[in-house]
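Please look at the structure below and follow it part by part. The walk begins at one end of a helix and moves outward from there.

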Amino acid sequence: MTELIQEIHRRLTFAIISHPDAGKTTITEKLLLFGGAIHIAGAVKSGKTSRTAVSDFMKMEQERGISISTSVMGFEYKGRKVNILDTPGHADFSEDTYRGLSAVDSALMVIDSVKGVEERTRQLCVVCRMRATPITTFVNKLDREGKDPMELLDEIERELAVEVRPATWPIGQGKLFKGVYNLLDNKLYLFRPGEDQLPVDIVEIRSIQDPLLDEKVGPSLARKLREDVDMISGVYPPFDRDAYIAGRETPVFFGSALNNFGVRELLDNLVSLAPYPTPKKAEEREVPPEEPRFSGFVFKIHANMNPKHRDRIAFLRIVSGKFERNKMYWHVRSGKTFRTANPTAFMSQDREIIDEAWPGDIIGIHDTGTFKIGDTLTEGENINFQGIPSFAPQIFRTIMNADPLKEKQFHKGLNQLAEEGVVQIFSKIHQPNARVLGVVGQLQVEVLKSRLEYEYNASCKYENIDVSIAHWITSDDEKILKNFVDANSRKILVDIRGNYVFVSDSEWSLNRVKDLNPAIRFYSTSEMVDKRA
Ligand code: G4P
């Protein structure tokens with residue numbers, strides 16, 4: 001086996017997705033703990049202070065009082081190099097989260113057993129489905145009185161359109177939570193509350209009829225478990241790894257991250273089942289990781305991580321071949337070569353300089369304005385990777401410079417922050433100089449305003465416009481598209497890549513336009529229309 005193949009088989013790159021408060025941060029910490037990336041067992045609480053230990057980006061975010069970035073953390077576990085993409089956990093919505101999903105090969109979905117499937121999880125799952133990303137599910141907070149597990153599984157299947165396959169099954173819930181029965185290895189994992197209870201008590205039973213089960217969890221819960229297991233084997237076919245890899249089926253684990261329960265089994269399972277780096281689609285062709293020639297794409301840019309230095313970090317996902325420090329690479333968009341002197345890896349709290357990186361790895365490249373989100377680096381081939389979409393904004397404002405003396409700073413800041421993906425900027429057909437700001441969540445508007453002030457010394461003002469729904473449009477027939485754009489020019493915006501976006505003020509008027517124009521296709525992400533998406 002070549003070194004490249006060996007390194008590919010070692011890699012495991014996944015994102016954690018969930019609705020805020022489901023327990024993503026807690027799970028991330030526990031995963032890092034099991035992976036040895038942080039060492040303070042028992043001291044790793046989900047308290048706000050210990051969270052700063054997780055990554056230095058988060059520290060920055062805490063200083064600013066909000067979570068704005070997607071951080072990457074790597075560690076070694078059971079011979080595999082695990083890369084976790086931690087997507088923002090706070091209520092602010094950032095498109096970063098979605099773009100981050102283009103840089104991973106699978107996802108871990110965390111669901112709160114009390115709340116069930118929530119809005120953000122639903123949105124993120126749509127993106128996973130679009131890309132057939134395999135999903136592993138962790139139902140968290142079993143130490144609380146939550147929904148019935150069967151009901152939860154039905155909800156996941158119904159709302160997220162993915163088939164579920166329970167891998168473990170809870171015994172009791174809330175105050176009566178006794179642990180889980182592992183349906184894959186027929187072992188009992190007994191629960192003892194308390195955050196520093198490591199490791200978990202594991203009891204092997206001969207079969208589900210074993211009287212030891214009654215002894216360990218009590219006769220009534222043992223009876224209930226037997227009924228449940230009987231039902232599960234009747235309802236769900238056995239787990240099929242191919243269906244999981246294709247994104248059609250999700251194994252479901254139950255546990256309590258806060259109590260350190262169920263997370264190690266989850267990690268063990270991810271390490272043995274989750275896919276290693278997968279081929280990525282480019283506009284021109286599909287690029288397999290085994291290809292010896294290096295390629296990678298930028299899925300995130302974080303500007304001014306340290307406001308004292310104007311530093312910008314481009315996050316690059318390696319798709320194929322071996323990346324080497326100081327080697328000249330081809331920057332496809334500009335058609336120029338590019339050399340990286342100080343690429344960094346993200347290993348838990350440290351950012352360290354690396355000499356090489358392999359498919360699946362995510363590295364940070366110091367950037368002085370060369371990169372835009374979606375850019376590709378190669379050894380010379382012109383490839384453009386797909387899957388870094390912009391999402392249809394739901395909030396629109398006309399944005400204007402508020403300080404005539406700071407015109408230059410205003411435009412520079414606006415452009416850079418749009419490139420970074422903080423907001424989307426559009427222009428109007430008839431007023432090419434007017435700028436319309438589009439965001440998916442209100443907090444992005446506030447982040448933009450404060451970052452313009454804080455980092456660019458510029459100020460802005462907004463005006464409301466009567467638009468709430470936007471769709472990228474395309475047509476097989478260029479002439480029809482042009483006629484549509486001309487006829488509806490007051491409702492057309494142009495994004496920074498020159499794609500048309502149709503805006504309307506209500507679902508009703510949008511549907512009317514759709515009905516009247518069957519040759520026009522409407523999309524809620526730019527992925528399908530953007531040649532360079
Ligand atoms: P997030 O990143 O998905 O937003 O969730 P986070 O881990 O911050 O967890 C949200 C809240 O849920 C936290 O409580 C956390 O302690 C709690 N939590 C996480 N896992 C479990 C669990 O297994 N059982 C129970 N009962 N609670 C859990 P908080 O009070 O909001 O924050 P904190 O003050 O504890 O930090």
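At the start of H14 in this predicted model, a side-chain oxygen of Asp477 comes to within 2.9 Å of the backbone nitrogen of Lys479. Helix H14 covers residues 478-487, and its buried residues are Leu481, Phe484 and Val485. Viewed down the helix axis, these buried residues fall within an arc of 100 degrees, so they line one face of H14. The face turned away from that buried side carries Lys479, Lys482 and Ala487, which are exposed.

What do the buried residues of H14 pack against? Their partners are strand E28 (469-474), strand E29 (492-494), strand E30 (500-504), helix H15 (507-516) and strand E31 (521-523).

Aromatic rings are the next topic. The structure has 15 aromatic pairs. In one of these pairs, the ring centres of Phe177 and Phe191 are 4.8 Å apart and the ring planes stand at 50 degrees; a pair counts as tilted when the angle is neither under 30 nor over 60 degrees, so this pair is tilted. Phe177 belongs to the loop between E7 and strand E8 (179-182), while Phe191 belongs to the loop between strand E9 (187-190) and strand E10 (201-204), so the pair ties together parts that are 14 residues apart in sequence. Phe177 and Phe191 are both buried.

A further pair leads back to helix H14. The rings of Phe484 and Phe522 have centres 6.3 Å apart and planes at 90 degrees, so this pair is edge-to-face. Because Phe484 lies in helix H14 and Phe522 in strand E31, the pair ties together parts that are 38 residues apart in sequence. Phe484 and Phe522 are both buried.

Ring pairs also join Phe177, Phe191 and Phe261 into a cluster. Elsewhere, a ring has a charge for a partner: the charged end of Lys300 sits over the ring of Phe315, 5.4 Å from the ring centre.

Strand E7, mentioned above as one border of a loop, spans residues 168-171 and includes Thr168. Is Thr168 buried or exposed? Its relative accessible area is 3%, and the limit for buried is under 20%, so Thr168 is buried. The side chain of Thr168 reaches the backbone nitrogen of Phe254 at 3.0 Å. Leaving out residues up to four places away in sequence, Thr168 touches Val180, Tyr181, Asn182, Leu183, Val252, Phe253 and Phe254.

Now consider the cysteines. How many disulfides does the structure hold? The number is 0. Cys128, for instance, is in no disulfide: the nearest cysteine sulfur is that of Cys125, at 5.5 Å, and a disulfide needs the two sulfur atoms within 2.5 Å. Cys128 has a relative accessible area of 1%, so Cys128 is buried. Cys460 is buried as well, with a relative accessible area of 7%.

Finally, take the chain as a whole. The protein chain contains 15 helices and 31 strands. Of its 533 residues, 57% count as buried. Among the contacts in the chain with a separation of 6 or more, 71% are between residues 24 or more positions apart. The pair of Phe484 and Phe522, 38 residues apart, links a helix and a strand in this chain.

Conventions: Residues are numbered from 1 along each chain as its sequence is written. This is a predicted model: local features need pLDDT of at least 70, side-chain atom pairs count only at pLDDT 80 or more; totals for chains, interfaces and linings use all residues. Side-chain values use heavy atoms; hydrogens and water are left out. Buried means under 20% relative accessible area, exposed over 50%, partly exposed in between (1.4 Å probe, protein chains only). Helices (H or I, at least four residues) and strands (E, at least two) are DSSP runs, numbered from the N terminus. The arc is that of the directions from the helix axis to the C-beta atoms. Contact means heavy atoms within 4.5 Å. A polar contact is a pair of N or O atoms within 3.5 Å; within protein, one must be able to donate a hydrogen and the other to accept it, and residues adjacent in sequence count only if both atoms are side-chain atoms. Rings of Phe, Tyr and Trp (its six-membered ring) pair if their centres lie within 6.5 Å; planes under 30 degrees apart count as stacked, over 60 as edge-to-face and the rest as tilted. A charge sits over a ring if NZ of Lys or CZ of Arg is within 6 Å of the ring centre and within 35 degrees of the ring normal.
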